[in-house]
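Work through the exercises below with the model open beside you. Try each task before reading its solution.

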Amino acid sequence: MAIMDPDTMTGFKAFHGPIIHSLSPSKLEVIPLALIVVDGDGRIVSFTKNVDATGIPGILATLGTSEQNVRIQHLETGEFLIPGFVDTHNHAPQWAQRGLGQGMHILDWLDAVTFPNEARFRDPDYARSIYANCVDGFLRQGITMASYYGSLHGEATKILADLCLEKGQRAFVGKCNMSRNSPDFYRDASIGESLQVTEDCISHIRKIDPAGNLVKHVLTPRFAISCDPEVLQGLGEIAKRNPDLPIQTHFNEAEQEMQATMGLFPQFSNEVDLYEHFGLLGERSILAHCCHMTEYEMQRLKELRCGVAHCPISNMTVGGGFMAAPIRDFLRRGIKVGLGTDSGGGFSSSILDAMRQAIIASNAREMLSAGKDKGLTIPEVFYLATLGGAEVCCLGHEIGNFSQGKSFDALVIGTRGEDEGVMTMVDERDTLPIVFEKFIMTGDDRNILQVFVRGRLVRQQSGR
Ligand code: GUN
Ligand code: FE
């Protein structure tokens, strides 16, 4: 349930309490008591560390205001503030099929499970009901920014963008381009129509959110297998004409997919050269999976400044790769990496689950690399879920952690609930870093008490 906060759009509001956020992959900042002041536009205008209640009036005075005029939320015992989670890869129309087809290879899974399901989004009423539930569901998980693949349908994709804006979720929303190698009942009618519907969705989203404050269209060739070369070419041209638009696709996900891709494009020997040829690789490209990477491809991704959407759950359950991406190697090289739920191939819509699976998958890679690629740490997976994801989406200047000038996209986490499942193991002897570690490894959406995007309260746990 989305909740409008009447106070957010006027004047300042402030948050006083413990704050935990990332400064870099290995640098987690834990501040026992801080004050964040947010203006009516949802921007952080002041961020002061180590300030007790007596210091608040002075800080507000420097902003030309006082405690009488600012709604100050003092966090309660066991609560702390973290940045909102960024989901760099998910499929909104797969909301209703999450978890189905575990263990199937990618092309078989698409044919048997996914295409029949996504085809249902030709019906706008069906799209509206599933998408409303989907956006609420991801907000409930603390996902304040999501990069969504839509279905191929223009109408449904516009509905998804409308819902994100209405419910206040920051989002990239993409009409999915797929003009070949899919069944008659679920394929773009023609190359021309594939591109025309994309242009139409771009115009719609520019109309509903002209500055792209919350919602942007993302160019979304599903993957090269499902796109005629002319579609890839056309999308590359649209990308050139619209330098502000992000681009997303699936990349080196599984052997079956890579072999089929090379069979369709024999003039290329790898996917980097293929997508680059069509003008689809650069700083604004979000490449899902990247499980199987050669030295050359990793070097090129770094040079081209592409981002990787790491989806460790689906990598180990659907697709046939059954091997997650070499994240330690990516981080070592300075390649941008974030986390994706990839739900529905991924069975969970929780970024906390994705963080845990990223740790598990990286531990397997540590063993396979004979100790060379060390497993990921808690600060590192938290970085991937927040600032890393923001960088992948080219939003690092705007979200991902707290600093003056950034947007206030944040979660209030609670660890002392009455509910039996909510952190019953936390007690007063636990230091803040320990409480945080317990939340990351055992918490769930019941610990996510409030969700803010651009300063607006977009979800609040019932009973609060
Ligand atoms: N490759 C092309 N489409 C998809 C999809 O929907 N999910 C996954 N995991 N891989 C894909
Ligand atoms: Fe995917």
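The exercises go from the domains to the ligand shell, then to helices and single residues.

The model is predicted: local features need pLDDT of at least 70, side-chain atom pairs count only at pLDDT 80 or more, and totals for chains, interfaces and linings use all residues. Residues are numbered from 1 along each chain as its sequence is written, and chains are lettered from A and ligands numbered from 1 in the order in which they are written.

**Exercise 1. Domains**

Task: State how the chain is divided and describe the side of domain 1 that touches domain 2.

Solution:
- Step 1. Domain 1 covers 13-83 + 402-460, and domain 2 covers 85-392. These bounds come from an automatic or database domain assignment.
- Step 2. Over C-alpha atoms, the centres of domain 1 and domain 2 are separated by 30 Å.
- Step 3. Count the contacts. Domain 1 has 21 residues in contact with 24 residues of domain 2. Two residues are in contact if their C-beta atoms, placed from the backbone, lie within 7 Å.
- Step 4. Find the elements on the domain 1 side. At least two residues each come from β1 (13-24), α14 (432-442), β17 (448-453) and β18 (456-460). Helices (H or I, at least four residues) and strands (E, at least two) are DSSP runs, numbered from the N terminus.
- Step 5. Sort that side by residue type: 10 nonpolar, 4 polar and 7 charged. Here Ala, Val, Leu, Ile, Met, Phe, Trp, Tyr, Cys and Pro count as nonpolar, Asp, Glu, Lys and Arg as charged, and the others, Gly among them, as polar.

**Exercise 2. The ligand shell**

Task: Which residues come nearest to ligand 1, and which helix gives the most to the shell?

Solution:
- Step 1. The shell around ligand 1 has 13 residues, and Arg-222, Phe-223, His-250, Ser-314 and Gly-345 come nearest. A residue is near a molecule if its C-beta atom, placed from the backbone, lies within 6 Å of it.
- Step 2. Helix α2 (residues 106-119) gives the most, with 3 residues.
- Step 3. By type, the shell holds 4 nonpolar, 6 polar and 3 charged residues.

**Exercise 3. Three helices**

Task: Where do α2 and α13 bend, and how many Å does α5 reach?

Solution:
- Step 1. Helix α2 has a kink of about 40 degrees at Val-113, shortly before the proline Pro-116. The bend at a residue is the angle between axes fitted to the seven residues ending there and the seven starting there.
- Step 2. In α2, Ile-106, Trp-109, Leu-110, Thr-114, Asn-117 and Glu-118 are buried. Their cover includes α7 (255-264). A residue is buried if 20 or more other C-beta atoms lie within 10 Å of its own, exposed if 12 or fewer, and partly exposed in between; C-beta atoms are placed from the backbone.
- Step 3. Helix α13 (residues 378-392) bends by about 50 degrees at Leu-384. Of its 15 residues, 14 are buried. Cys-394 follows α13 and has a positive phi, near 55 degrees.
- Step 4. Helix α5 (residues 191-208) has 18 residues and reaches 26 Å from its first C-alpha to its last, close to the 26 Å expected at 1.5 Å a residue. The expected span is 1.5 Å times one less than the number of residues.
- Step 5. The buried residues of α5 include Leu-195, Cys-201 and Ile-205. The buried residues of α5 pack against α4 (154-167), β8 (170-174), β9 (176-177), β10 (215-217) and α6 (229-241).

**Exercise 4. Backbone exceptions**

Task: Locate a cis peptide bond, then compare the settings of Asn-181 and Ala-370.

Solution:
- Step 1. Recall the background: most residues other than glycine have a negative phi, and most peptide bonds are trans.
- Step 2. Ser-343 and Gly-344 are joined by a cis peptide bond, with omega about 5 degrees. Gly-344 sits in the loop between β15 (336-339) and α12 (351-368).
- Step 3. Asn-181 is not a glycine, yet its phi is positive, about 55 degrees. Asn-181 lies in the loop between β9 and α5. It is partly exposed because 18 other C-beta atoms lie within 10 Å.
- Step 4. Ala-370, also not a glycine, has a positive phi of about 55 degrees. Ala-370 lies in the loop between α12 and α13. It has 7 C-beta neighbours inside 10 Å, so it counts as exposed.

**Exercise 5. Leu-449**

Task: Is Leu-449 buried or exposed, and why?

Solution:
- Step 1. Leu-449 is in strand β17.
- Step 2. Leu-449 is buried because 22 other C-beta atoms lie within 10 Å.
- Step 3. Not counting residues up to four places away in sequence, Leu-449 touches Val-412, Ile-413, Gly-414, Gln-461 and Arg-464.
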